[in-house]
Amino acid sequence: MKEIAIKENHLYNKTFKRGNRFAGRYVAVSVLRDYAARRLMLANPQKAYVNRIGLSVPKREGGAVARNRAKRIIREALRHIEKKRALKRGWLIVISSRPTIIGAKSTDVERDLAYIFGKLDMYAEDRA
RNA sequence: UUGCUUCGUCGGACGGCCGCGCGGUAUUGCGCCGAAAGGUAUUACCGUGAGGAAAGUCCGGGCAUCGCAGGGCAGGGUAACUGAUAACGUCAGCCACGGGUAACCGUCGGGAAAGUGCAACAGAAAUAAACCGCCGUCCGUUUUGGGCGGUAAGGAUGGAAAGGCGAGGUAAGAGCUCACCCGCGACUAUGGUAACAUAGCCGCGCUGUAAACCCUACUUGAUGCAACACCGUAUUUCCGAUAAUUCCGGUUUGCCCGACCGCACGAAAGUGGGAAAUUGGGUGGCACACGAAAGUGGAGCUUCUCGGUGACGGGGAGCAAAGAUAGAUGGUCGUCGGUCGGAGUCAUCCGACAACAGAACCCGGCUUAUAGACGGAGCAAUAAA
RNA sequence: GGCGCCAUGGCCAAGUGGUAAGGCACAGGUCUGCAAAACCUCUAUCCCCCGGUUCAAAUCCGGGUGGCGCCU
């Protein structure tokens, strides 16, 4: 993924506790301004702000196959959204799945995610 | 044809568009690093990319580390026999026992005639026996009876009660004796590599339990890739005593023995060097191995061939890059195929559904989950020839 | 990824081959005008599930399910 993935457990906890959260039909999204964004920008060879993205799919929603598929579908939907509209940069974004994602199509999840990002005011204004 | 048994194979296919990981190749421009060569990122192209169970982690190995593992005790594991294998608790064949009409299937299947323990309740009695009954004798006697002794045929209990049945025998009875049968053990003969089977002869009649302790035979060092090696970050602690072959402490298992280790300079503060723990990071291990290559080796895959009942083994040929790290191997659309339901002019049309499940150092097995499709071999019954 | 532990009534639990202790809670009763306390009584057919050994299994053996812990 282009974005740096969130690995640390404490960042997940922080985003869940302090971030803005909005839930849709298939997924729920929490966002929080990244305190380390400026440091990451300097470390980045392109010197650009990046979003750090984490996916959370709990174990009770299925075995490894079902959870891998859920994560793939979310990533696919995210990729399509980024191609159409630019998001704000320098945020922590955690996307949690909901049980309804079993059997969903990536186009459904894409529509859901686009609606949630609109509600969370995550679209950059400078680009249409 | 119907009903089964068993072995094996597959686990949707093709195409368009958009993507992901890894490896390789490429150059012009752009960004960054560099004096440069070049590197990195990006882009383009090529190659490649989940399973039969990848799972459970139940066994066995490779590999790595520990003091290079040396001895003893303890502890763990396995259990008919013969073989296969790198090894195994796996596999093959075979024996015994049990199930099935049969094909075939199942079995942790050594020793209870070495010793110890346990066998609740019931029952008179549970590894040795007299409650009732039967018989004899004595006492008492109107009647019921009581004492002593013999007796395991009959009764009731139990998972299990001293082999079964008949005859002789007896006061009554009893393998007490005899014939036949059953079971166990030793010996001999025959067959078999063997477990074992069959026959003969002699002896015996012995409860069950070893997935209770135990005995016998064989076997077993421990820990696991989060091992381990290297690079760099921060903090803390430690690196004996003594005259001494002695004490103390430490070093991968529980105990004992054996073995090994406990730094240098300085008067001191300290300095240098080293080690350990904790916090969190990177690279290797790690994608058949070694090697520059040719090649060599091996427990890899496919196929042919020879040997073997078979597991498997010998030989030949060809092929050998999945290697991620919050974790790639996909998304979407279309066509065809599968199953089910409905309609139907028997051409077809419409709708729905798609098993179990995701590599994480690598192999050999076992176990468990699994929609459906295909193929081979065999059995029983029925029908026809 | 690897290593280990546990599962007994609604809750905490003892029990290591012979018919499952105890405490709390619930319910009923005695007592009281009513309640509390006290006392008495009741609750395990499947001891997480499936097989096996045994006359007999919560217990022993094998397989599975669920939960928990440790190692970077």
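This report describes the fold of chain A, its surface near RNA strand B, one helix pair and several individual residues in a predicted model.

## Overall architecture

Chain A contains four helices and five strands. Along the sequence, these elements are arranged in the order β-α-β-β-α-β-α-β-α. Of the 128 residues in chain A, 24% are buried.

Contacts that span long stretches of sequence are prominent in chain A. When contacts between residues at least 6 apart in sequence are considered, 79% of them join residues at least 24 apart.

## Surface near RNA strand B

Around RNA strand B there are 19 residues, of which A5, G63, A64, K105 and S106 come nearest. Two elements, α3 (64-84) and α4 (106-119), each give two or more residues to this surface. Helix α3 provides the largest share, with nine residues.

The chemical character of the surface near RNA strand B is mixed: six residues are nonpolar, six are polar and seven are charged.

## Packing of α3 and α4

The two helices named above also form a pair. The axes of α3 and α4 approach within 8 Å and cross at roughly 60°. At that angle, which lies outside the ranges for roughly parallel, antiparallel or perpendicular axes, α3 is therefore oblique to α4. The crossing of these two helices is right-handed.

On the α3 side, the contact is made by I73, I74, E76, A77, L78, H80 and I81, while α4 contributes S106, V109, E110, L113 and A114. By class, the contact of α3 with α4 comprises eight nonpolar, two polar and two charged residues. S106 thus appears both in this contact and among the residues that come nearest to RNA strand B.

## Neighbouring residues of α1

K14 and T15 differ in burial. T15 lies in helix α1 (residues 9-18), and K14 lies in helix α1 as well. T15 is buried because 24 other C-beta atoms lie within 10 Å, and the threshold for burial is 20 or more. K14, by contrast, has 16 C-beta neighbours inside 10 Å and so counts as partly exposed.

Both residues can be related to positions further along the chain. T15 touches S30, L32, L92 and V94, with residues up to four places away in sequence not counted. The C-alpha atoms of T15 and D34 are 9.4 Å apart, at a sequence separation of 19 residues. For K14 and L32, which are 18 residues apart in sequence, the C-alpha to C-alpha distance is 8.4 Å.

## The loop before α4 and the segment after it

I102 is placed in the loop between β5 (91-97) and α4. This residue counts as partly exposed because it has 14 C-beta neighbours inside 10 Å. Leaving aside residues up to four places away in sequence, I102 touches E61, G62 and A66. The C-alpha atoms of I102 and R69 are separated by 8.6 Å, although the two residues are 33 residues apart along the chain.

D121 lies in the segment after α4. With 10 C-beta neighbours inside 10 Å, D121 counts as exposed, since the limit for that class is 12 or fewer. The backbone of D121 has a phi near 60°, a positive value in a residue other than glycine. Most residues other than glycine have a negative phi.

Terms used. Residues numbered from 1 in each chain as written. Chains lettered and ligands numbered in written order. Predicted model: local features only at pLDDT ≥ 70, side-chain atom pairs only at ≥ 80, totals over all residues. Near = placed C-beta within 6 Å. Nonpolar A, V, L, I, M, F, W, Y, C, P; charged D, E, K, R; others polar. Axes fitted to C-alpha atoms, helices over the stretch in contact; angles between N-to-C directions. Parallel < 35°, antiparallel > 145°, perpendicular 65-115°, else oblique. Left-handed = near helix turned anticlockwise from the far one by under 90°. Contact = placed C-beta atoms within 7 Å.
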